[in-house]
Amino acid sequence: MLPLPPIRYLAPKRLRDALELLEQGGRGRTAPDGDGAQRRGPVLPIAGGTDLVPNLKHRLLDVELLVDLTRIEEPHLRGVREVAGHLHVGALTSLAAAAADPLLRQRHPTLAGAYRQIGSPQLRNMGTVGGNLCLDTRCTYFNQTAFWRAALGHCLKRKGTTCHVVPGARGCVAACSSDGAALLTALGAEARVEGVAGDRWIPVESLLQSEGRRHLALLPGELVTELRVPAAPPGRRAAYEKLRMREAIDFPVLSVAAVADLAPGGACRSLRVVVSALSARPRVVTGLGDLVEGRPLDDAALERVAAQAYRQCHPLANMTADPAWRRAMVPVLVRRALRRAMEAR
Ligand SMILES: Cc1cc2nc3c(=O)[nH]c(=O)nc-3n(C[C@H](O)[C@H](O)[C@H](O)COP(=O)(O)OP(=O)(O)OC[C@H]3O[C@@H](n4cnc5c(N)ncnc54)[C@H](O)[C@@H]3O)c2cc1C
Ligand code: SF4
């Protein structure tokens, strides 16, 4: 049993109060660091706590104050609603509620299905859509007890000077382990980011950064308050494939999201394939337009897309699952996702 360190805890009812607490905690730490992303301060938001609490118990973070978001009463933070054809999902919506929501299941069944595959029923009841998107990056050399990490001499992500996955690397390549992130990227979703200075919408693809220590393009004090998933055009086909060690409850060791838009005759108008659980940012497979657009997504097209993904995706030794096996599974998952997408109506 790992005890929590002593931490102050506040649970404001107004979003403004939460943002002010977070902003005060971030002061003095707002200087851009390295790649321009910003370090998060010693005051952190907590939603369901299903990621943050284990990380605190493992002493992965120095936190002085937790600002609980779950008492905030502003309605846009909860539930699924339609606005001008797009679906808005409040960041505090639980994964279980999102997975069961009739509107989300009807308009974006693949996203509801991806949320249904996360963790266990208990984790889905507590865990939120916003916390899932903001999930810290994970690494087999980092998500360990303080004793374990000290025995290895720590690493770049905290207290150390080296990376055990890529020795000599100057950045951290811990993996994005959020099931929602890959699919939201493929669907072209946006996140509403609110801070004391105001709010903005940014594509999920830009919110997620490639540096595992600072994987969110958020300024200290900013929160993700809702997601906007664009309306699916007629002819939309989508699927999500997740590879994990234990089917009952586990993070992905590899995942593939595929979103295809087909013309009435069946020719492919556009295809987006996103491969995740590689490093900090889901990878959008590039160069697919020339391979599939204007043609049917038949077996030959699937092979071309699978080969392109294989060329571009290089899993690292940041998880216990063998990287060579995970790489061999990239084309397998891409084929599976595309076949499933084509079967879906
Ligand atoms: C055993 C186990 C299995 C799991 N399996 C999976 C899995 O298969 N797939 C998967 O994707 N996840 C998995 N998880 C992780 C986690 O349960 C989910 O991702 C969950 O959705 C996290 O949401 P939360 O509200 O609990 O986040 P929290 O733990 O509250 O927060 C997570 C992080 O996001 C930040 N944060 C929270 N909300 C916001 C916000 N609105 N704006 C900005 N920052 C915010 C927090 O400060 C923290 O850094 C698993 C966890 C465990 C313990
Ligand atoms: S990828 Fe390297 S720096 Fe990042 S957590 Fe793992 S060992 Fe540490």
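The paragraphs below describe a predicted model, beginning with the surroundings of ligand 1 and moving on to the nonpolar core, helix H9 and a buried arginine.

A good place to start is the ligand. The shell around ligand 1 holds 29 residues, and those that come nearest are Pro-45, Thr-50, Thr-128, Asp-179 and Asp-250. By character, this shell divides into 14 nonpolar, ten polar and five charged residues. Strand E2 (43-46), helix H7 (129-133) and strand E8 (223-229) each contribute at least two residues to the shell. Seen at the level of domains, at least three shell residues come from each of domain 1 (8-69 + 126-134 + 190-229) and domain 2 (236-343).

Several polar contacts can be picked out here. An oxygen atom of ligand 1 sits 2.6 Å from a polar backbone atom of Pro-45. With Thr-50 it is the side chain that takes part, an N or O atom of which is 2.6 Å from an oxygen atom of the ligand. Lys-242 also uses its side chain, placing a polar atom 2.9 Å from an oxygen atom of ligand 1. On its own, ligand 1 would expose 980 Å², of which the protein buries 93%.

Away from the ligand, attention turns to the protein interior. In soluble globular proteins, nonpolar side chains tend to be buried together. The largest nonpolar core in this model comprises 40 residues, and the members with the most contacts inside it are Leu-104, Leu-111, Tyr-115, Leu-133, Leu-184, Leu-207 and Leu-227. Helix H9 (residues 179-186) is the element that gives the most to this core, supplying five residues. Like the ligand shell, the core draws at least three residues from each of domain 1 and domain 2.

Helix H9 deserves a closer look. Eight of its eight residues are buried, running from Asp-179 and Gly-180 through Ala-181, Ala-182, Leu-183 and Leu-184 to Thr-185 and Ala-186. Two of these residues have already appeared: Asp-179 is among the residues nearest ligand 1, and Leu-184 is among those with the most contacts in the core. At the start of the helix, a side-chain oxygen of Ser-178 reaches to within 3.3 Å of the backbone nitrogen of Gly-180. After H9 comes Gly-188, which has a positive phi near 70 degrees.

Finally, a charged residue is also found under cover. Arg-192 belongs to strand E6 (residues 190-195). Its relative accessible area is 18%, and because the cut-off for buried is under 20%, Arg-192 counts as buried. Its side chain makes a polar contact of 2.7 Å with the side chain of Glu-226.

Methods
Residues numbered from 1 in each chain as written. Chains lettered and ligands numbered in written order. Predicted model: local features only at pLDDT ≥ 70, side-chain atom pairs only at ≥ 80, totals over all residues. Heavy atoms only, no water. Near = heavy atom within 4 Å. Polar contact = N/O pair within 3.5 Å; in protein donor to acceptor, adjacent residues only side chain to side chain. Areas by Shrake-Rupley, 256 points an atom, 1.4 Å probe, with all protein chains shown as cover. Helix = DSSP H or I, 4+ residues; strand = E, 2+ residues; numbered from the N terminus. Nonpolar A, V, L, I, M, F, W, Y, C, P; charged D, E, K, R; others polar. Domains from an automatic or database assignment. Core = buried A, V, L, I, M, F, W, Y, C linked by side-chain atoms within 4.5 Å. Buried < 20%, exposed > 50% of the residue type's maximum accessible area, 1.4 Å probe, protein only.
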